Structure formats: structure tokens, C-alpha cells
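Work through the exercises below with the sequence and the model side by side. Try each task before reading its solution.

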Amino acid sequence: MMNILIIGSKGKMGSLTKAILEDNKDDQVFGYDQVKDDSSLTFNQFEDIPHVDVIIDFSHPKLLSDILTFSKNKHVPLVIATTGFHEEQTKDILKHAQEVPVFMSANYAYGVAIINKILKQISDDLSNDFDIEIIEKHHAEKKDAPSGTSLQLAQTINDSMSHPKKIVHGHNPLRESGDLGIHSVRAGSIVGEHTILFSGKDETIEITHRAQSKKIFALGAIKAMHYIIKQNPGLYTMEDLLKEQNDE
């Protein structure tokens, strides 16, 4: 039996993940959220939280410092499923991972992890003769743009290239040959869609992932949780999780 803490447990993703975990009667699931309720298992102060074995964070970057402090003091493995961190916060996470196991991904969908793997194999071969653009679509209430996933995909492309491209966001009237453009659409109730476009002379390659429900992200975070509790201190990603599954 594990004691699991969901941070941001009243939000859409936190509440969905909590509900899935609560179906497993072998585990005890606690919540932390700044929105108060009458549940004895949901806390508003970190100092009130009982012993937990692992943390899944579906909250907001503004809580990062408190989360890292709690994780470090209790030496609790951490799954970070929040995006939008600035550079200094990313450095804090890397430093924290030297002492505590941390799993971090901009997207916990299995399909997105596979696309990242594909991009590593093909991007450099296509970089000279194909322009590269990323189009990402999300619901109208999403606050950040471009999405964390699109930035991750762009970074994967650049990391696999001998000559990385300049990542630009928005509809500039003219692209330079070394640009990699990201376009953001915010409309309706789109869960999440990412298309990587490789466009050359008289031919185009498109790779698209469409999330049809938020459940895939919750299930991915739960898989990451089961993975991270077995690891030594360090920073782990979906690539590590895929490798473990392929080795089994």
C-alpha cells in the first residue's frame, strides 16, 4: 500500500488522476489544493500533510518552491506534470533531482513519447530540404502559449540536428531558412493536438497526435509514479519510461 499525494487535487487533471487512483483500494490518496473543501484527506497547508510515498504535481509553477521544499524535507519522489516554468525554476528542479528522484514531462501521453522518439530519428535527415513548423491546438481556456509539449517537440528536433534551428512563435510574414515556427490555436474544448509539419519542394510529411480525452495524461502520470518510486535520485523523462517498458 502506498500513500500518494496529488497536488492541485481540485483542478481538472488533479481531480481526474485522484479519482483513478482512488479506484485502487490498496492505496491511500491525499490531496493538496489551495481551494478548501471539507474532505479530511485534502490539505491546504503542507505542514499538515501526513507521510506520503510519492507526489504527483498537477498544480501551478507558483507552487514549485513549496513543493520542492516538502519533497526534499521528506525525501519523497516527485512526478512533475505542470508546465510553464521559467529558467530559474528549471534550474531549481535540476538541483532538486540531485537529491530526490524526479520525473518530469511536458506531456504524459504515450503517443507523444513515441513521436519524440520518431523525431530523433528523422529530423536531421530532413533538416536541409524541408521547412519545419509545429501547429498546436488547445481549448480556449489554456493560459500558456506555445504549449509545453510543442516546445518539447521543438527541442527534440533541435537536439537531434547538427545545425539547430531558431524557434520562433507566431505568424511572422517571412520565415528565415533557419527558423522553426510554432503556431498556437486556442478554441473551444480541444483537449490537445500537435502537428509537426516537414514541408519540402512538392512534398510534405505530417506527424499528428490528437488527445481525445484528458484521461491519457492522468494514466501516463500514474505510470510515471510507479516508475519513479523505484529510482535513485536523478531527473527522469518519458524516454526512460519507454526504455524500461521495451526492456521488459
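The exercises go from single residues to helices and their packing.

This is a predicted model, in which local features need pLDDT of at least 70 and side-chain atom pairs count only at pLDDT 80 or more, while totals for chains, interfaces and linings use all residues. Residues are numbered from 1 along each chain as its sequence is written, and side-chain values use heavy atoms, with hydrogens and water left out.

**Exercise 1. Glu136**

Task: Find the element that holds Glu136, decide whether Glu136 is buried or exposed, and list the polar contacts of its side chain.

Solution.
Step 1. Helices (H or I, at least four residues) and strands (E, at least two) are DSSP runs, numbered from the N terminus. Glu136 belongs to strand 7, which covers residues 131–138.
Step 2. Buried means under 20% relative accessible area, exposed over 50%, and partly exposed in between (1.4 Å probe, protein chains only). Glu136 has a relative accessibility of 0%, so Glu136 is buried.
Step 3. A polar contact is a pair of N or O atoms within 3.5 Å; within protein, one must be able to donate a hydrogen and the other to accept it, and residues adjacent in sequence count only if both atoms are side-chain atoms. The side chain of Glu136 has such a contact with the side chain of His138, at 2.7 Å. The Glu136 side chain also reaches the backbone nitrogen of Ser147, at 2.9 Å.
Step 4. Contact means heavy atoms within 4.5 Å. With neighbours within four places in sequence left aside, the residues in contact with Glu136 include Pro146, Ser150, His183, Arg186 and His194.

**Exercise 2. Backbone exceptions**

Task: Which peptide bond is cis, and what are the phi values of His75 and Asp202?

Solution.
Step 1. Start from the usual case: most residues other than glycine have a negative phi, and most peptide bonds are trans.
Step 2. The bond joining Ala145 and Pro146 is cis, with omega about 0°. Pro146 sits in the loop between strand 7 and helix 5.
Step 3. His75 is not glycine, yet its phi is positive, near 50°. His75 lies in the loop between helix 2 (64–74) and strand 5 (78–80). Its relative accessible area is 47%, so His75 is partly exposed.
Step 4. Asp202, also a residue other than glycine, has a positive phi near 70°. The loop between strand 10 and strand 11 (203–211) holds Asp202. Asp202 is exposed because its relative accessible area is 76%.

**Exercise 3. Helix 5**

Task: Compare the span of helix 5 with the expected one, then find what covers its buried residues.

Solution.
Step 1. The expected span of a helix is 1.5 Å times one less than its number of residues. Helix 5 (residues 148–159) has twelve residues, and its 16 Å from first C-alpha to last is close to the expected 16 Å.
Step 2. The buried residues of helix 5 are Gly148, Thr149, Ser150, Leu153, Ala154, Thr156, Ile157 and Asn158.
Step 3. An α-helix has 3.6 residues a turn, so residues three or four places apart point the same way.
Step 4. The cover over these buried residues includes helix 4 (110–126), strand 7, strand 8 (166–169), strand 9 (179–186) and strand 10 (192–200).

**Exercise 4. Three helix pairs**

Task: Classify the packing of helix 4 with helix 5, helix 1 with helix 6, and helix 2 with helix 3.

Solution.
Step 1. Axes are lines fitted to C-alpha atoms, for helices over the stretch in contact, and angles run from 0 to 180 degrees between N-to-C directions. Angles under 35 degrees count as roughly parallel, over 145 as roughly antiparallel, 65 to 115 as roughly perpendicular and the rest as oblique.
Step 2. Helix 4 and helix 5 pack at about 30°, with axes 8 Å apart. Helix 4 is therefore roughly parallel to helix 5. Residues making the contact include Ile115 and Leu119 of helix 4 and Leu153 and Ile157 of helix 5.
Step 3. For helix 1 (residues 12–22) and helix 6 (residues 215–228), the angle is about 60° and the axes are 9 Å apart. Helix 1 and helix 6 are therefore oblique to each other. Among the contact residues are Leu16 and Ile20 of helix 1 and Phe217 and Ile222 of helix 6.
Step 4. Helix 2 and helix 3 (residues 87–96) pack at about 5°, with axes 11 Å apart. This pair, helix 2 and helix 3, is therefore roughly parallel.
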